[in-house]
Amino acid sequence: MTINKRKIALLIVLMLLPGVILAKHFTLVVDAGHGGRDKGALGRHSYEKDINLAVALEFGKMVERGFDDVEVVYTRDKDVYLTLQERVNVANSKNGNLFVSIHTNSLPLNAKNRTQIKGSATYTLGLHKTEENLEVAKRENSVISLEKDYTTTYQGFNPNSTESYIMFELCQNMHVEQSVDFASLVQKEFVRTAQRTDKGVRQAGFLVLARTSMPSVLVELDFICNPEEENFLASKSGCKKMAKSLYNAFEVYLGANDAKYSGNSDKEPPLKSAEEKVIEENKEKGMLADGEIIYKIQFLTSKKLLVAGSAEFMGLENVSCYKDKGLYKYTYGEAKSEKEALKILQSIRKKFKQAFIVSFKNGKRIK
Ligand SMILES: [Zn+2]
């Protein structure tokens, strides 16, 4: 081999090397809400599905350009119809590290303020605290009625019945903290980068969030029923600003996430007031204890999200639930010591022979 040929060979190796060494270490799943025959909310001259897709693709493109080691997975990258379950399947089968579902808000035709209302909101999974949040979840979940077998696929979930939403109180998302982290960053950027009105980090029962087994948020970009906001969202610059907001939030999240969840940095995670609020509320409910270890009795694991009072609980009340690796794990009782937990375990074993003690710290299962 001549010197020149060697040089060229070396150059080629060097060029290929980064691709070989840098295995993708983070998978971002971007979900453009609705699509195809499901148009989503309607504006005067645009459809929700198109706004969602434009922002999703722009956001994904920015991440692909900005991070070599992040794989971006789209649930859809064109105007096609997908069921909620199909979106979930894409995210779970790709082992996503973060799921971002992009939607555009709207009020019903008879709402008085529908042409004036504005603002961006980011939702994480939980029980709604206001009627307004419940209505958003109902509207977004109602797309399942376009599916032929939706009662089977979603185990009798009725998107229009308030009772159906009670199960979201029961089930605590294992990733609530990370989801709220990201949601808070998104809201901050919507205000800073896209000059949107801040409607805050909220919680409601979205099926698509309940079924994905990773930190997940659902973004409501702004209101398509307000002509001014519709014009902004449907414009190229509006789309870019919304995508850039998501990108900026993702950049901060990724940095903090690496530090916080791989445990190799003493950098403070970006705790935002809205996040703190939600975590505080969870602590009050006993879902998250501040640094202390909480012992619970795990007695049942199910692929199904069960409603309080389900026959499977054999009469147990005050059951709580956490989601882990795509399964719902049901627990009973709460004790501050192992000794106390053993007592509860003995009583539970009469009904559930396989029951065992699990412990949680700061809302996370520990060994
Ligand atoms: Zn939507």
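These legends accompany a set of close-up views of a predicted model.

**View 1. The zinc ion and its protein donors.**
Welcome to the metal site of this predicted structure. The zinc ion is coordinated by His34 through NE2, by Glu48 through OE, by His103 through ND1, and by Glu140 through OE, which is listed twice, at 2.1 to 2.5 Å. Read along the chain, the donors of the zinc ion have the spacing H-x13-E-x54-H-x36-E. The pair His34 and Glu140 brings together distant parts of the chain, 106 residues apart: His34 comes from the loop between β1 (26-32) and α2 (48-66), and Glu140 from helix α4 (residues 131-141). Both His34 and Glu140 are buried.

**View 2. His34 and its backbone.**
Stay with His34 for a moment, this time looking at its main chain. His34 sits in the loop between β1 and α2, and its phi is positive, at about 65°, although His34 is not a glycine. Is His34 buried or exposed? With a relative accessibility of 4%, His34 counts as buried, since the cut-off for that class is under 20%. This is the residue whose NE2 atom coordinates the zinc ion.

**View 3. The second largest cavity.**
Searching the whole structure gives 7 cavities of 30 Å³ or more, and this view shows the second largest cavity, with a volume of about 80 Å³. Which residues lie nearest the centre of the second largest cavity? They are His34, Asp38, Leu84, Arg87 and Val143, out of 15 lining residues. Two elements, α3 (84-93) and β3 (98-105), each give two or more residues to this lining. By character, the lining residues of the second largest cavity divide into 5 nonpolar, 5 polar and 5 charged. His34 thus appears in two roles here, as a zinc ligand and as a lining residue of the second largest cavity.

**View 4. Strand β4 between its partners.**
Here the focus moves to strand β4 (residues 120-125). All of this strand is buried, 6 of the 6 residues, so β4 is largely enclosed by the rest of the structure. β4 pairs with strand β6 (residues 198-204) in the parallel sense, over 5 bridges. The pairing of β4 with strand β7 (residues 216-223) is antiparallel, over 3 bridges. To find your way, look for Ser120, whose bridge partner in β6 is Asp198, and for Ala121, which stands opposite Glu220 in β7. As a reminder for following the side chains, in a regular strand they alternate between the two faces of the sheet.

**View 5. Glu220 and the backbone of Asn105.**
Glu220 belongs to strand β7, where it faces Ala121 as described above. How buried is Glu220? Its relative accessible area is 0%, so Glu220 counts as buried. A polar atom of the Glu220 side chain lies 3.0 Å from the backbone nitrogen of Asn105.

**View 6. Thr104 and Asn52.**
Thr104 is found in strand β3. Like Glu220, Thr104 is buried, with a relative accessible area of 0%. The side chains of Thr104 and Asn52 are joined by a polar contact of 2.8 Å.

**View 7. Two residues of the loop between α5 and α6.**
This view visits the loop between α5 (150-153) and α6 (167-170), home to Ser164 and also to Gln155. Ser164 is buried, with a relative accessible area of 13%. Gln155, in contrast, is partly exposed, with a relative accessible area of 39%. The backbone of Gln155 deserves a look too: phi is near 45°, a positive value in a residue other than glycine. From Ser164, follow the model across to Gly205: the two C-alpha atoms are separated by 9.3 Å, and the two residues are 41 residues apart along the chain.

**View 8. Strands β9 and β10.**
The last close-up turns to strand β9 (residues 319-324), which is mostly covered, with 5 of its 6 residues buried. β9 pairs with strand β10 (residues 327-335) in the antiparallel sense, over 6 bridges. A handy landmark in this pairing is Ser320, whose bridge partner in β10 is Thr331.

Conventions: Residues are numbered from 1 along each chain as its sequence is written. This is a predicted model: local features need pLDDT of at least 70, side-chain atom pairs count only at pLDDT 80 or more; totals for chains, interfaces and linings use all residues. Side-chain values use heavy atoms; hydrogens and water are left out. Donors are N, O and S atoms within 2.8 Å of the metal (3.2 Å for Na, K and Ca); water is not among the atoms, so sites may look incomplete. Helices (H or I, at least four residues) and strands (E, at least two) are DSSP runs, numbered from the N terminus. Buried means under 20% relative accessible area, exposed over 50%, partly exposed in between (1.4 Å probe, protein chains only). Two strands pair if DSSP finds at least two bridges between them. On a 1 Å grid over the protein atoms alone, a cavity is a set of points where a 1.4 Å probe fits but cannot get out, and a pocket is an open set with protein on both sides within 12 Å along at least five of seven lines; lining residues have an atom within 4 Å of a point. Grid points are joined across faces, edges and corners, and a volume is the space filled by probe spheres set on the points. Ala, Val, Leu, Ile, Met, Phe, Trp, Tyr, Cys and Pro count as nonpolar, Asp, Glu, Lys and Arg as charged, and the others, Gly among them, as polar. A polar contact is a pair of N or O atoms within 3.5 Å; within protein, one must be able to donate a hydrogen and the other to accept it, and residues adjacent in sequence count only if both atoms are side-chain atoms.
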